[in-house]
Amino acid sequence: MSVELPTRAQVVVVGGGIIGASLAYHLTKRGITDVLVVEQGQLTGGTTWHAAGLVSQLKPTHSLTKLATYSNRLFEELEDETGQATGYRAPGSISVASDLERWEEMRRGISMASTVGVEIREIDMDELTDKVPLLRTDDLVGALYIPKDGQTSPVDTTMALIKGARQGGATVVEGVAVQRLLKNGDTCVGIETEDGHVVEAETVVMAAGMWTRQLAETIGVNVPLQACEHFYIVTEPLQGVERGMPIVRDPSNYTYFKEETGKIMAGFFEPKAKIWKLDGIPRDFCFGTLPEDWDHLGPIFEAACHRMPALADAGLQLFFNGPEAFTPDGTFYLGESPEVDRCFVAAGFNSVGIQTAGGVGWVLADWIVDGYPPMDLAGADIRRSFSFQSDRSYLKERISESLGLLYAMHWPFRQYESARGIRKSSLHEALDRDGAVFGETAGWERPNWFADNDQLREYEYSYGKQNWHDNMRAECEAVRHAVGMFDQSSFAKFLVAGPEALAVLERLSANSVDVELGKGVYTQWLNERGGIEADLTVTRLSQDEFWVVTSAASQTRDWAWLRRACRGHSVEISDVTEDWSVLGVMGPHSRGLLESVSHIDLSNKSCPFGSMTEIVIAGVSCNALRMSYVGELGWELYIPADQAGAVYEEIRRNGDRFGLRLAGFHAMNALRLEAGYRHWGHDISDEDTPLEAGLGFAIAWDKPVEFIGREALLKQRGETLTKRLIQFRVEDPDLISYHDDPIFRNSVYVGRTTGGMWSHTQDRCLSMAYLNNPSGVDQAWLDSGDWQIEIGTRRRPVTPSIRSFYDPKNQKVRS
Ligand SMILES: Cc1cc2nc3c(=O)[nH]c(=O)nc-3n(C[C@H](O)[C@H](O)[C@H](O)COP(=O)(O)OP(=O)(O)OC[C@H]3O[C@@H](n4cnc5c(N)ncnc54)[C@H](O)[C@@H]3O)c2cc1C
């Protein structure tokens, strides 16, 4: 081998595309100069070289928008800093809407982007025609304009980042393929090249684009991504195309248009994409292209011609087809892998790798150096993935759908259509028989709502009330006034046992789990900064055996956190999620119903709030935990999965006289929100402390074991809270807030919503938002302000409340 490789480096970055380059650049900025970038072919030769180079700032969420705006700023300055031309310029961008629902989505984007400081505004058709004369506009209902959106040369920008990284001390080698990652115990310790050369490293980052899944497999890490064919065309020079023309996106016609030296480049996000090389990407694919496919692209090209009629007669200079890595949920993966320490991932960029590269380099470098990311990145964290997602048939189906979803409507509650039925509750058939309309979370099919007998079991999406609104109302009313039953089997369940189980869990949990046998405790697991890493319940089964329950979506993440904490201790942990079904029986009549089927006294005296009691229903022994996520008297029944059917049927048979109704996750979400219960991943994250989140009641300050994060919380306890989660009622009965909507006090922006849902008790939408005020967020400050929310550019009054709108003293659960 001609390339000189060191024998060790502090950080090895595998992959010399724009992501690896940006990470190396930012690591050197953070003072890590001993960085080695290893590229198997030539720099940019993977996917980066053929990107269209759009650098847009508007993304689906606040945090992703923040990463993109950072890239935008960085690319603007990079040329001056490094002396390497980047080709960056900012012609601005325009997105057009051809129907009112799409326009509603865009308007919501305008409000969300304003929370990140993006300059963005609506333009009328005259201004649109003025800026892009070639567009057909007669069937459009709206357009938004982002004046500072940019476009760049992906190759030149990558080379500028590489130059900056080299100036900072990094070493970059080409023509060296990494054969596998090396591990010592649970820690990644380096790489081995194809030629058998070993480089030891403290940290290894896989920035290997569409090769990352196969590289990760060499060290037992799961990175479910898959390459798809991705297309654009470039015309011959076209009359009417002027330099400086803004980029145009027409998502309803699956197309974007960009000016390129007097020509038009049109790129496509077709609804059903073509998977490329399911069984692995060849290592020598460098500056590679894939064949034309007009049969596949023809209908999409026609849609593009509808928006820009001049395309139809234009000569085509280039039909480009190149591969890019896509992920099952359309967002990339970042962070330390849950399986192996010091093995990081930055891959699966779903055709936004150029525009996100700057932000990704920034946050990942911070993550590596500080041990945590500089902001909440749960939506992009690799710990949201599951091993079933790397199954080839799953990837084949789901990824061909997920590419198209990038330009499809991002409907609230939108359900995937492909790769369904992966994980099913043992009650699935019965629930299906009884009218369940399923949605997917973490691969689980979960009843989201129950249809009436003659009702179509399908979603009719909208940004307003959807077709299941009245079903949800009936389910919520049953829970509030009678009793509802939820299938919560998707909850992740871990058993923690052994002589040191208590000690480990006491150190992890902010609440005390050193309680009497059979008691369940609601707690958070915190990081050293006091941020909430997990939100769960821990029930003590015996002296040294505990039952940990968390949400379905958090299974991989919380398991990794637990596994790391148990290392070196005399503790056995097992994930028993699939072995146990869970039925939530909730509502004021739940006691009567459960007593009637179990013949056991479930009064407050014999079964107080938080206790776990063994009860027998239909001859099946169940662990009944008196807990509630909906703010009512209720029990979670933990039942061996293979016997859950009998329990379900027995409760159903006896349910009528108690007013029992089956209820789904949409109702649960509405009920928990009005009861003020937080949801990890939305209302709470690793950058929010329990004090900020209003969860101070779950902190056992004085327990003998010092829990992780206590010191940070103690410090915060002594200070005025300048950030705090507040609940809001939207007073306009026609508007529903979903997430990231700005909140204004006396017309000044003070925070954004974390989530929202219709509340049937309030007959309004409720939502939560973190508010910031340097002199404190307290009742007096709330009372003295005039409060408004902005939903899709409409400002409307909201009523704030520190306490929940429903049962503010939380008495019902104890009734
Ligand atoms: C047609 C098309 C248009 C696009 N347009 C845009 C756009 O307008 N805007 C935008 O933001 N994004 C766009 N993208 C997406 C963008 O190009 C990618 O998201 C981005 O380039 C991904 O960068 P990367 O560094 O992750 O991957 P890559 O560029 O593929 O880099 C990964 C590198 O890792 C190397 N590697 C892999 N395995 C190993 C190994 N074992 N050892 C050593 N090296 C290894 C590979 O050789 C490769 O060079 C487009 C993509 C396509 C296909």
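Ala, Val, Leu, Ile, Met, Phe, Trp, Tyr, Cys and Pro count here as nonpolar, Asp, Glu, Lys and Arg as charged, and the others, Gly among them, as polar. By this scheme, the shell around the ligand consists of 19 nonpolar, 15 polar and 2 charged residues. The model is predicted.

The ligand is surrounded by 36 residues. Those that come nearest are Glu 39, Thr 48, Leu 54, Glu 324 and Gln 355. Oxygen atoms of the ligand take part in several short atom pairs. A backbone N or O atom of Gly 46 lies 3.5 Å from a ligand oxygen. For Gly 53, a backbone N or O atom is found at 3.0 Å from an oxygen atom of the ligand. Glu 324 contributes through its side chain: a polar atom there lies 2.5 Å from an oxygen atom of the ligand. On its own, the ligand has 1000 Å² of accessible area, and the protein covers 98% of this. Five elements give two or more residues each to the shell. Two are helices, H1 (18-29) and H9 (353-370). The others are strands S2 (35-39), S12 (226-235) and S16 (316-326).

Helix H9 was examined further. H9 comprises 18 residues. The distance from its first C-alpha to its last is 24 Å, close to the 26 Å expected at 1.5 Å a residue. The helix is bent, by about 35 degrees, at Gly 359. Of the 18 residues of H9, 15 are buried, so the helix is largely enclosed by the rest of the structure. Gly 371 follows H9 and has a positive phi, near 90 degrees.

Two loop residues were also considered. Pro 328 sits in the loop between S16 and strand S17 (333-336). Its relative accessibility is 2%. Buried means under 20%, so Pro 328 counts as buried. Along the chain, Pro 328 and Met 627 are 299 residues apart. Their C-alpha atoms are separated by 33 Å.

Asp 195 belongs to another loop, between strand S10 (187-193) and strand S11 (198-206). The relative accessible area of Asp 195 is 51%. Exposed means over 50%, so Asp 195 is classed as exposed. In sequence, Asp 195 and Gln 179 are 16 residues apart. In space, the two residues are 8.2 Å apart, C-alpha to C-alpha. Of the two loop residues, then, Pro 328 is buried, whereas Asp 195 is exposed.

Notes:
Residues numbered from 1 in each chain as written. Predicted model: local features only at pLDDT ≥ 70, side-chain atom pairs only at ≥ 80, totals over all residues. Heavy atoms only, no water. Near = heavy atom within 4 Å. Polar contact = N/O pair within 3.5 Å; in protein donor to acceptor, adjacent residues only side chain to side chain. Areas by Shrake-Rupley, 256 points an atom, 1.4 Å probe, with all protein chains shown as cover. Helix = DSSP H or I, 4+ residues; strand = E, 2+ residues; numbered from the N terminus. Expected span 1.5 Å × (residues − 1). Bend = angle between axes of the 7 residues up to and from the residue. Buried < 20%, exposed > 50% of the residue type's maximum accessible area, 1.4 Å probe, protein only.
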